[in-house]
Structures are given as C-alpha cells and as structure tokens.
Amino acid sequence: MKNKLSIISFILTFIGGSIFGICIVLSEILYPNIDEFVNTPFEYQICFFISIFIAFVGIIMSIFFRNKANTKIIERIIEIPLLFIGSFLMFGFALARTESYFKDVLICIGGLLFFVSLFCIISTEIGLHKNYKIKNKIQAIEEILNKTDVNDFAVSIFLYLVEKSNKYTLTKEEKTVLIVRTFVEEVYNGGFEQFIFNSSNCYLDELLESFELIKANKLIEIYKDLIDKFLIYSSYCEKDYDKIIENNINEIRQCDLKLYEIEGSYFDEIIYDYVMKNKDKFN
C-alpha cells in the first residue's frame, strides 16, 4: 500500500509541476505585454494556483509515503540533468541580447523542464533521505532472535537485513532470507512484474537457490518455470525483460494469483525456521 501511495505522490508532484510549467509557458506566449500577475485572466490565475496546490500535495504525501525502499536513484539521475537543461534554456536565453521567436520558444521549453524537474527532485530527495524503518528503530539482532511471534519476527529480521545490507556484507544465510522476503514483498505489492522492473531484479540469478535453501517449496512450484524463462532469455538479450513479459503475461498473472492464495503465515514460518536453524550466521 505504501508503495502505491508513494507512486501517487510522485505522480501528483509531476502533474502539478507540469501544469505550473505550462502556466509559465502560456504567460510568455499569451500575455507577453502584461507585467502584473493580477492583471492576467482569472482562469489563468486559478490554473496557476491549482498547479501549485497539486504539486505541494504531492510533496507533502512524499514526506509520509516515500522512503529508500520505494524511491529509485534513477529518478535523481534523470531529474538533475533536466533541471540543468531547463535552467540553461530558461535563464540563458532570457539573458541573451538577441530577440527572436525561436528564443522565446526555447525559454518556454526551459521553463517547463525547470519547474517539472524542480518539484520532482524535491519529492525524490525526500524519499532517498528517509530510512526504511518501523517507528524509526531497527531492533538489535539479539532482540529479534528472542521473538516468538513469527510474524513480528519475520518483519523485524527483514528490516534488520535491509538496513545491514546498506552498510555491510551479508552472510549467505542472511542474504537468502533477504532475497526471499524481498521477492514476496515485491510480488504482493505489484506482482512478479514489479520484482522484475525494480532494482530487486538483481537477485534473479539467486532466487531459485534461495527458495531451495529456505525450503520455500510452494514458491518453487509456482515460479520455477517462469524464473527459468527469464534466466535463459536474459543470458542472450541482456535482460531486456519487456518482450518476455509480453509473451508470458498470462502465466505471470496465474503465478501471482496462486501466490496470493497462500496464507501469509507460511512465509513467516519458513523464515523463522530457517533463521533459527542458522542463527549463528546472523550477527
């Protein structure tokens, strides 16, 4: 649910920034001779304020729902160059001495890029700088291993491993739990496609081995054939997953439906059993 709200917050920010940028563009095209904002048409002013409102609603939602787990570094890689390009086009040509229609068009394009990327960068930076934690506290491993509630245990060990993986190298046993739990979380939130298209796809080569180690027999039964197809395909086509998803979309949907039918306690229990058998490897 939090992943979906994170996406919604980013979309609202993008839409608000886009409308705001378009308003700036329209002001240059339609009202070049009006110096005061209050003298522009009422409809234009309403659209202007609505765009700011939408953008800020998106940013405020980002504060609550975006974090390191659902914000990707690729967003920043795209947005920052767009901000610089927009700045160059808008401010650079605005300061140029020559006057021409071509220059005005570039200024408008720059304004649109600048404001869209500016609002989106704010949303992205909020996510990238927020830790993925429950109640802002990751429990110590000793405290986690003493838990008897398997659901609480599974959630706590996952958060612990996510945090640890950002700073240290995981043991094979720790990585096995992280991979299985990450897969289940991704599929529950957005299906097998979300797992493939998110950064979690880096675990694809180790997925079946992790299922076997943790004795996730139901996951092997459901997804083995599908995962094998991706592994064969990626070895030849450099992980261009769009085509294989298109060709196997019905199978993917069926596999996901089978996963959703499994009681959530099943995954908590196999994680608990595996960790307890190998708890000397968790530190």
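1. Ile 73 is partly exposed in this predicted model, its relative accessible area being 47%, and its place is in helix α3, which covers residues 73–94. Ile 73 belongs to a nonpolar patch on the surface, whose other members are Ile 74, Ile 77, Ile 78, Leu 82 and Ile 85; taken together, these residues have about 520 Å² of accessible area. Because patch membership asks for over 30% relative accessible area, the 47% of Ile 73 meets that part of the requirement.

2. For a reader new to the chain, the overall make-up may help at this point. The secondary structure comes to twelve helices and zero strands, and the order of elements from the N terminus is accordingly α-α-α-α-α-α-α-α-α-α-α-α. The protein chain has 283 residues, and 44% of them are buried. Its accessible surface amounts to about 16,000 Å², with carbon and sulfur atoms accounting for 61% of that area. Of the contacts with a separation of 6 or more, 73% are between residues that stand 24 or more positions apart.

3. Two of the helices can be compared with what their length would lead one to expect. Helix α2, residues 42–65, has 24 residues and reaches 34 Å from its first C-alpha to its last, which is close to the 34 Å expected at 1.5 Å a residue. Helix α7, residues 172–197, spans only 24 Å between its end C-alpha atoms, whereas a straight helix of 26 residues would span 38 Å. Where is the kink in α7 centred? It is centred on Gly 190, and the kink is of about 125°.

4. Helix α2 also has a set of buried residues, among them the aromatic residues Tyr 44 and Phe 48. The buried set further includes Gln 45, Ser 51 and Ser 62, together with Ile 54, Ala 55, Gly 58, Ile 59 and Met 61.

5. Two residues illustrate how positions separated in sequence are placed in space. Ile 107, in helix α4 (residues 101–128), is buried with a relative accessible area of 14%, and its C-alpha atom is separated by 8.1 Å from that of Val 25, although the two are 82 residues apart along the chain. Ser 165, in helix α6 (residues 150–165), is partly exposed at a relative accessible area of 32%. Ser 165 and Lys 175 are ten residues apart in sequence, with 8.5 Å between their C-alpha atoms; once neighbours within four places in sequence are left aside, Ser 165 is in contact with Leu 170 and Leu 178.

6. Lys 215 deserves a separate look, since its phi is positive, at about 60°, although the residue is not a glycine. Most residues other than glycine have a negative phi. Lys 215 is found in the loop between α8 (207–213) and α9 (217–237), and it counts as exposed because its relative accessible area of 55% is over the 50% cut-off.

7. Side chains of opposite charge can pair when their charged atoms come close, and a search of the whole structure finds eleven salt bridges. In one of them, the side chains of Arg 76 and Glu 125 meet at 2.8 Å, N to O. Arg 76 lies in helix α3 and Glu 125 in helix α4, so this pair ties together parts that are 49 residues apart in sequence. Arg 76 is partly exposed, at 27% relative accessibility, and Glu 125 is likewise partly exposed, at 23%.

8. Another salt bridge is formed by the side chains of Asp 152 and Lys 147, at 2.9 Å from N to O. Are its partners buried or partly exposed? Lys 147 is buried, with a relative accessible area of 14%, while Asp 152 counts as partly exposed at 34%.

9. The last pair to be noted brings the discussion back to helix α7. The side chains of Arg 181 and Asp 268 meet in a salt bridge of 3.1 Å, N to O, and this pair links distant parts of the chain, given that Arg 181 is in helix α7 and Asp 268 is in helix α12 (residues 264–277), 87 residues apart. Arg 181 is buried, with a relative accessible area of 11%, and Asp 268 counts as buried at 5% relative accessibility. Through salt bridges that share partners, Arg 181, Glu 185 and Asp 268 are joined into one network.

How values were computed:
Residues numbered from 1 in each chain as written. Predicted model: local features only at pLDDT ≥ 70, side-chain atom pairs only at ≥ 80, totals over all residues. Heavy atoms only, no water. Helix = DSSP H or I, 4+ residues; strand = E, 2+ residues; numbered from the N terminus. Expected span 1.5 Å × (residues − 1). Bend = angle between axes of the 7 residues up to and from the residue. Patch = residues over 30% accessible without salt bridge, like charges linked within 9 Å, V, L, I, M, F, W, Y side chains within 5 Å. Areas by Shrake-Rupley, 256 points an atom, 1.4 Å probe, with all protein chains shown as cover. Salt bridge = Lys/Arg side-chain N within 4 Å of Asp/Glu carboxyl O. Buried < 20%, exposed > 50% of the residue type's maximum accessible area, 1.4 Å probe, protein only. Contact = heavy atoms within 4.5 Å.
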